[in-house]
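Q: Could you take me on a close look at one part of this structure, the surroundings of ligand 1?

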Amino acid sequence: MKMNDQWWKKSVVYQIYPRSFMDSNGDGIGDLQGIIQKLDYLKLLGVDVIWLSPVYDSPNDDNGYDIRNYQAIMKEFGTMGEFDQLLTEIHKRGLKVIMDLVVNHTSDEHEWFVESKKSKDNPYRDYYIWREEPNNWGSVFSGSAWEHDETTNEYYLHLFSKKQPDLNWENPKLRQEVYQMMKFWLDKGIDGFRMDVINFISKHPDLPDGVKDEQQQYGDGSPYFMNGPRIHEFLHEMNQEVLSKSPVMTVGEMPGASPEDAIQYTDPNREEVNMIFTFEHMDLDSAPGGKWNLKPLYLPDLKENLAKWQTALHNKGWNSLYWNNHDQPRIVSRFGDDQDYRVESAKMLATCLHFMQGTPYIYQGEEIGMTNVKFDCLEDYRDIETINMYHERKSLGNSHEDIMNSIYTKGRDNARTPIQWDDSENGGFTSGKPWIQVNPRYKEINVKAALEDPNSIFYFYQKLIALRRELDIIVEGSFQLLLKDHPEIFAYERKWQDDHLIVLCNFSSSEIVIDEEDLLSKMQEYQVVISNYEQGNKGTLRPYEAIVLRK
Ligand code: TEU
Ligand code: CA
């Protein structure tokens, strides 16, 4: 692979969740024209690539991750003509765009599935996974992973909602259809794909029951569909048939992938994908039993985990770096302090991530420090995962308060409230009624205010992005964790040729005295590259202080 084919190593990606980004026509739903209106804002931020969450035709059971037609645009978002216009406007500004590729499943309204369920000998029957009897797997969105279908008296597999039947990747005809569809979008000129749960596509052919303990209703099927038996073969085939033909960028969303798996997926010689999204650092504030069982983050766990990924992939594969996406709560509310130190902690978290090796992803609103929300009642929530979980836990006897507390801390709608563009009604997102309520903090936290304040989180992100372009060490350097067991400070160094960086981040609201001789003398000697306090480098770390030193 030629180095300039690896443009994505030097890029910063910005994720747009179109439904919540900008509404141009007052129907309360973000749309393609809304995105076009805001491209100059992204250009000002300085990102290189836009990841567009699904904009395809969909009945919206899972906000577009249930696709009815891969080659049509969702009506609420616009037309194919407007998509072409968006693509032109993106490229005109020197930006690139990657699209979501959701091919573990389709919508149950996709014509393949409509055909598939008609009869056992329908030519599309084998595009999906049908069985006479279900196994014990549970769905990610609660309940069984199997749904009975009356027409043929069989069950189909759906790892997510019952309106998201899983595709059968064992079928070579299905694989060819997917590759043709990918070519359709690449021929339009898009610059790559973000691949939804792509390491789920190869299921163990026997679909064995999963382990389940007595209190649980369903078994854990993940050992039989995560990183399954033919996954590397399928990804290599996709690479050879489609991706290798042009210098595109690919990132595979891969829950349950270890660093060793990641090396296999991203080693350039194996020709699979460029990078993956790991989930390990997002699972550290969950107790056993999954994300809704809350546990406070213990900082040394986070340090150990991220350090493990940094060192394991160095010179072997490639990392992606993220705190946020449309499935995760807002990072400033999660690992920072969204009350007294919102600005400081948002900048600290950004510093901690953006000086690591890998391709950073910024999720819409992160660059202005948007926070989690607490809606009063379940009816205000829109996410199918949240709603199904609420009913399941309620029926198991959990209290309303406990469940709502889990939703406030972990629910996906935290990330999906509209972008707060200004302090006018609905945060300037829409002139109509937004599809989900705007975060009430929009009067204080919004893009307009951020752009008017030279010390805003926005300009800090702008600086971090620019630094990545200036300093090769950020892209190329080795990584070494410092103060490994310190409970409040996340510190590391990067080295490359004669260059040396030290990154110090205080994850607490107390002032921390640095008492390591060696580090103290470096703090005297080295230059400050960036800091989130006006007067950098006092030899201590103030609440949520981040400082980067260079020699
Ligand atoms: O998510 C996959 C996934 O396993 C989790 O992130 C999951 O959505 C949930 O947050 C676990 O608690 C991808 C998409 O990013 C997500 O939006 C979709 O709902 C899902 O796949 C199905 O397409
Ligand atoms: Ca609209």
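A: Here is a walk around ligand 1, with a short stop at the calcium ion afterwards. Keep in mind that this is a predicted model, where local features need pLDDT of at least 70 and side-chain atom pairs count only at pLDDT 80 or more, while totals for chains, interfaces and linings use all residues. Residues are numbered from 1 along each chain as its sequence is written, chains are lettered from A and ligands numbered from 1 in the order in which they are written, and side-chain values use heavy atoms, with hydrogens and water left out.

So, who sits around ligand 1? There are 18 residues around it (a heavy atom within 4 Å), and Asp62, Asp196, Asp327, Glu385 and Arg412 come nearest. Sorted by class, that shell holds nine charged residues (Asp, Glu, Lys and Arg), six nonpolar ones (Ala, Val, Leu, Ile, Met, Phe, Trp, Tyr, Cys and Pro) and three polar ones (the others, Gly among them).

Now zoom in on the polar contacts, meaning pairs of N or O atoms within 3.5 Å. Asp327 has a polar side-chain atom 2.5 Å from an oxygen atom of ligand 1. For His105, the distance from a side-chain N or O atom to a ligand oxygen is 2.9 Å, and for Arg194 it is 3.1 Å. Taken alone, ligand 1 exposes 490 Å² (Shrake-Rupley method, 1.4 Å probe), and the protein buries 92% of that.

As for the calcium ion (ligand 2), its protein donors (N, O or S atoms within 3.2 Å for Ca) are Asp23, Asn25, Asp27, Ile29 and Asp31, lying 2.2 to 2.3 Å from it. Ile29 contributes its O atom.

Notes
Donors = N, O, S within 2.8 Å, 3.2 Å for Na, K, Ca; no water. Polar contact = N/O pair within 3.5 Å; in protein donor to acceptor, adjacent residues only side chain to side chain.
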